[in-house]
Amino acid sequence: MTYEELLTNIALTNEQVIVMTAENRALVRNLPPLLGKRFIDTGITEQTMIGAAAGLALRGRRPIVHALAAFLTMRAFEFVRTDVGIPALPVKLSGFIPGFLSDANGPTHQAIEDVAIMRDIPNMTVFAPADEDDLIQMLQQIWESPQPAYVRINTRKSGYSHAPFELGKAEVISSGHDVTLLTYGLLFEQALIAMHMLQREGLSVGLINMRSLKPVDEQAILQAAAGSELLVTVEDHFLTGGLYSIVAEVLLKHQTTARVLPMALNERWFKPALLPDVLQYEGFTGKQIAETILGYQTQYQQPDILKPQFAE
Amino acid sequence: MNKEQQLQHIALNVREHIVRMSTDGGCFTGASLSAVDIIVYLYTSFLNISPNNLDHPDRDYLFLSKGHDVPALYGTLAELGILEKERLQNHLSVNDHIYWHPNTRVPGIEFHSGSLGHLPSVAVGVAMDIKISGGSNKVVCILGDGELNEGTCWEALLVANAYHLDNLIFVIDRNHFQANVRTEELIPLEPLADKFEAFGAAVKRINGHSYTALEEAFATYPFQEGKVNVVIADTMRGKGLPSIQERADRWFCNFSADEVEQLLLELHGQHPTELTSETLIVR
């Protein structure tokens, strides 16, 4: 099932759902004739879309709003924080091309602080699916929840079949006592490749798909910290405020510590290019992740990385 | 008393409430006095809002986007029995929710505000839902003129026009001041009616202190089928208190107890008070 198919099913069965977009129709192209007045395109007005979504939610509607992640979370930030966050209205934000998925667009379009700023809003929940399968697993629960939510939309097909989603729970792919990779979003694919490479080097490797970044699965982090020599956070996000920060917060909260190697963007935007080249240039291919952890080069072959379709 | 006299009587009481809130920390006295007659008129004569229907789906909506006009709203809600009058004595108290900007803990307040340029879009969302649901509720959103500096006001107008929200009325409290200066000396707004018309609105410009003019304007709602309504209500900062009227430095006031007593008399026609309390320029 695709994002659009799921959204269509839910919107057609629940009259309260209003599908909104700030003229970003990549994921909602077929919805206007199906939903009629319950499809609202406000044009290129992220702020007004969010304010209007708050007004619709005030009337009992459940708006699911679409825009590029960068503009949804940053251009409209104060509207999200003030008009959705303060009254804790059930507005559902779908952020398109977050993180590395903005590939060749350039820094204007790079949402790599979105996790930090969205999770800082009281009542806001934050989710980052590993791929389309993960996305489809989580959306129904997220959209049925009475809380506001931000989803880092990722419709890539990784071929991995994920465990059922549970809000606030991470997906533990494997456990290992040498190293545990913690990741979210499209880098899950590369972390999975890295896991296999590290295992072939004889390491005992854990991998956790964080999925639900707020609420976060504290127990999964604590168990990994207790059971592994090294934690590696892998994310297409600034170093501050994302998963590395979340892990640090959880460890400190529980008065414990761990060796943590962060792989993130430290005080810089990433090099704009097509996604496979971005990952290579920035050192985030599975092979590069594995070699960063090992500290030496290997003979492994990095599997091909699919270029995103425009609709991703 | 005829109706106009009744409204003037209520407005005088509201102005007294504002003056009483303008001490021990103070409030946006000058700013909110300009909106008193608009708010009193809307609640008593135009909007279907009463103590008995605050949660009713058919009620009308008032959104105060110029959040610092809220003393005028507190006073009106108190006069109409929506907010208990005694609670006005809790102004700025940690034990109540009567503070400098509107919040929904106060009965009758539909949405919080304070950050300018937000409620036009929230009101657009509510008006959209009323259209989708087939309701006949009216939605009024009061804006300050200085607030019109915010681009999101104009963004919301574009969308309101696109969706033909003739159930939505933007009322501009046109007191010709923004926080510290006259609007035309900082970011000129005129010709304001032309701007709104260019955005597709049906516009009326009236004296915002004349109940006759307010009645004449709102009686013709919706002004034009399929068009968002705009009322530019020309008002006066500090209206009712000659000692602070049209003064740039009396946006926010924190009077002494003695000054409050004098100002209450001034509201009833006594000569202007000689104010010695510090003037405030907040921004």
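**Domains, contacts and helix packing in a predicted model**

Mentor: In this predicted model, the domain assignment divides chain A into domain 1 (3–152) and domain 2 (171–294). The C-alpha centres of domain 1 of chain A and domain 2 of chain A are 26 Å apart.

Trainee: What makes up the contact of domain 1 of chain A with domain 2 of chain A?

Mentor: Residues count as in contact if their C-beta atoms lie within 7 Å. The contact takes 24 residues from domain 1 of chain A and 27 residues from domain 2 of chain A. On the side of domain 1, the elements giving two or more residues are α6 (114–119), β5 (125–127) and α7 (132–144) of chain A. By class, that side of domain 1 has 13 nonpolar, five polar and six charged residues.

Trainee: Why is α8(A) called oblique to α12(A)?

Mentor: Helix α8 (residues 187–200) of chain A and helix α12 (residues 286–294) of chain A pack at an angle of about 50°, and their axes are 7 Å apart. Angles under 35 degrees count as roughly parallel, and 65 to 115 as roughly perpendicular. An angle of about 50° belongs to neither class, so α8(A) is oblique to α12(A). The crossing of these two helices, α8(A) and α12(A), is right-handed.

Trainee: Which residues make the contact of α8(A) with α12(A)?

Mentor: From α8(A) come Gln190(A), Ala191(A), Ile193(A), Ala194(A), Met197(A) and Leu198(A). From α12(A) come Gly286(A), Lys287(A), Ile289(A), Ala290(A) and Ile293(A). By class, the residues of this contact are eight nonpolar, two polar and one charged.

Trainee: What makes Lys287(A) count as charged and Gly286(A) as polar?

Mentor: Lys is listed with Asp, Glu and Arg as charged, while Gly is placed among the polar residues.

Trainee: Is Asp304(A) buried or exposed, and how do you know?

Mentor: Asp304(A) is located in the segment after α12 of chain A. A residue is exposed if 12 or fewer other C-beta atoms lie within 10 Å of its own. Asp304(A) has 7 C-beta neighbours inside 10 Å, and therefore counts as exposed. The C-alpha atoms of Asp304(A) and Gly286(A) are separated by 10 Å, and the two residues are 18 residues apart along the chain.

Trainee: Which element gives the most to the side of chain A that touches chain B?

Mentor: The contact takes 23 residues from chain A and 19 residues from chain B. On the side of chain A, α3 (46–58) and α5 (77–85) are the elements that give two or more residues. Helix α3(A) gives the most, with nine residues. That side of chain A divides into nine nonpolar, eight polar and six charged residues.

Key. Residues are numbered from 1 along each chain as its sequence is written. Chains are lettered from A and ligands numbered from 1 in the order in which they are written. This is a predicted model: local features need pLDDT of at least 70, side-chain atom pairs count only at pLDDT 80 or more; totals for chains, interfaces and linings use all residues. Axes are lines fitted to C-alpha atoms, for helices over the stretch in contact, and angles run from 0 to 180 degrees between N-to-C directions. Helices (H or I, at least four residues) and strands (E, at least two) are DSSP runs, numbered from the N terminus. Angles under 35 degrees count as roughly parallel, over 145 as roughly antiparallel, 65 to 115 as roughly perpendicular and the rest as oblique. A crossing is left-handed if the near helix is turned anticlockwise from the far one by less than a right angle, and right-handed if clockwise. Two residues are in contact if their C-beta atoms, placed from the backbone, lie within 7 Å. Domain bounds come from an automatic or database domain assignment. A residue is buried if 20 or more other C-beta atoms lie within 10 Å of its own, exposed if 12 or fewer, and partly exposed in between; C-beta atoms are placed from the backbone.
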